[in-house]
Amino acid sequence: MSTTPRERNARCSVARSLEILGEKWTLLVVREAFFGVTRFADFRARLGIAPDVLTARLETLVEGGVLERQPYRDAGQRQRDEYVLTPAGAELKTVMAAFVAWGDVHRPSGFGPSVAYVDRDTEAPVRLSFIAEDGRELAPEEVALVPGPGALES
């Protein structure tokens with residue numbers, strides 16, 4: 001029995017992740033959250049994003065468990081919400097680093113990297129890699145994709 005694209009996508013980790021992260025502005029909001037931005041007005045100012053688009057992207061990220069709302073109140077102002085990375089959101093750091101590494105190589109700006117990932121304690125540069133169970137670093141061409149236990153038969 002053949003499977004439909006809908007069935008295949010429902011089981012696909014990439015497709016499910018893209019339901020939350022698949023819009024350009026969404027990843028840029030996440031990028032700013034990693035830089036410590038939490039407030040609507042600050043996201044707007046840094047991104048130049050329309051308010052309705054930002055509202056929709058923040059809602060998607062909250063519903064997807066990437067950000068959580070936390071109330072705050074500045075003196076003399078009404079209570080508002082700020083948006084803080086959840087543990088699931090913090091785990092996107094490797095995803096963002098992979099985008100940066102790929103973009104720096106394949107879509108360079110001509111100005112050099114806009115961000116560097118470094119060891120928090122030593123500030124020495126770090127990079128992403130595939131690590132085998134025995135600790136060996138593998139080049140991307142040494143890594144194969146195989147169907148996992150949740151895959152549908154073709």
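## Exercises on a predicted model

The axes of helix H3 (residues 24-34) and helix H5 (residues 51-63) approach to within 9 Å, crossing at roughly 75°. The model you are working with is predicted. Let's begin with this helix pair.

**Exercise 1.** Classify the arrangement of H3 and H5, then say which residues make the contact and how they divide by character.

*Solution.* Two packed helices are described by the angle between their axes and the distance between the axes.
- Start with the crossing angle, roughly 75°.
- Angles of 65 to 115 degrees count as roughly perpendicular, so H3 is roughly perpendicular to H5.
- Next, look at who touches whom: H3 contributes Trp25, Thr26, Val29 and Val30, while H5 contributes Val53, Leu54, Arg57, Leu58 and Leu61.
- Finally, sort these residues: 7 are nonpolar, 1 is polar and 1 is charged.

**Exercise 2.** Work out how many helices and strands the protein has, and in what pattern they follow along the sequence.

*Solution.*
- Count the elements: there are 7 helices and 4 strands.
- Now read along the sequence, which gives α-α-α-α-α-β-β-α-α-β-β.

**Exercise 3.** Compare the radius of gyration of the protein with that of a compact globule of 154 residues, then describe its extent and its surface.

*Solution.*
- A compact globule of 154 residues would come out near 15 Å, but the protein has a radius of gyration of 19 Å.
- Along the principal axes, the C-alpha atoms fill a box of roughly 60 × 45 × 30 Å.
- Turning to the surface, the protein exposes about 11,500 Å², and 54% of that comes from carbon and sulfur atoms.
- As for burial, 19% of the 154 residues count as buried.
- Last, take the contacts with a separation of 6 or more: residues 24 or more positions apart account for 41% of them.

**Exercise 4.** Decide whether glutamate 123 is buried or exposed, and place it in the chain.

*Solution.*
- Glutamate 123 sits in the loop between helix H7 (93-106) and strand E3 (130-131).
- Its relative accessibility is 61%. The cut-off for exposed is over 50%, so glutamate 123 counts as exposed.
- Check the backbone too: phi of glutamate 123 is near 65°, a positive value in a residue other than glycine.

**Exercise 5.** Find where alanine 139 lies, and how its accessibility is classed.

*Solution.*
- Alanine 139 belongs to the segment after strand E4 (137-138).
- With a relative accessible area of 24%, alanine 139 is partly exposed.
- For a distance check, pair alanine 139 with threonine 60: they are 79 residues apart along the chain, and their C-alpha atoms are separated by 34 Å.

Definitions and conventions: Residues numbered from 1 in each chain as written. Predicted model: local features only at pLDDT ≥ 70, side-chain atom pairs only at ≥ 80, totals over all residues. Heavy atoms only, no water. Axes fitted to C-alpha atoms, helices over the stretch in contact; angles between N-to-C directions. Helix = DSSP H or I, 4+ residues; strand = E, 2+ residues; numbered from the N terminus. Parallel < 35°, antiparallel > 145°, perpendicular 65-115°, else oblique. Contact = heavy atoms within 4.5 Å. Nonpolar A, V, L, I, M, F, W, Y, C, P; charged D, E, K, R; others polar. Rg over C-alpha atoms; globule rule 2.2 N^0.38 Å. Buried < 20%, exposed > 50% of the residue type's maximum accessible area, 1.4 Å probe, protein only. Areas by Shrake-Rupley, 256 points an atom, 1.4 Å probe, with all protein chains shown as cover.
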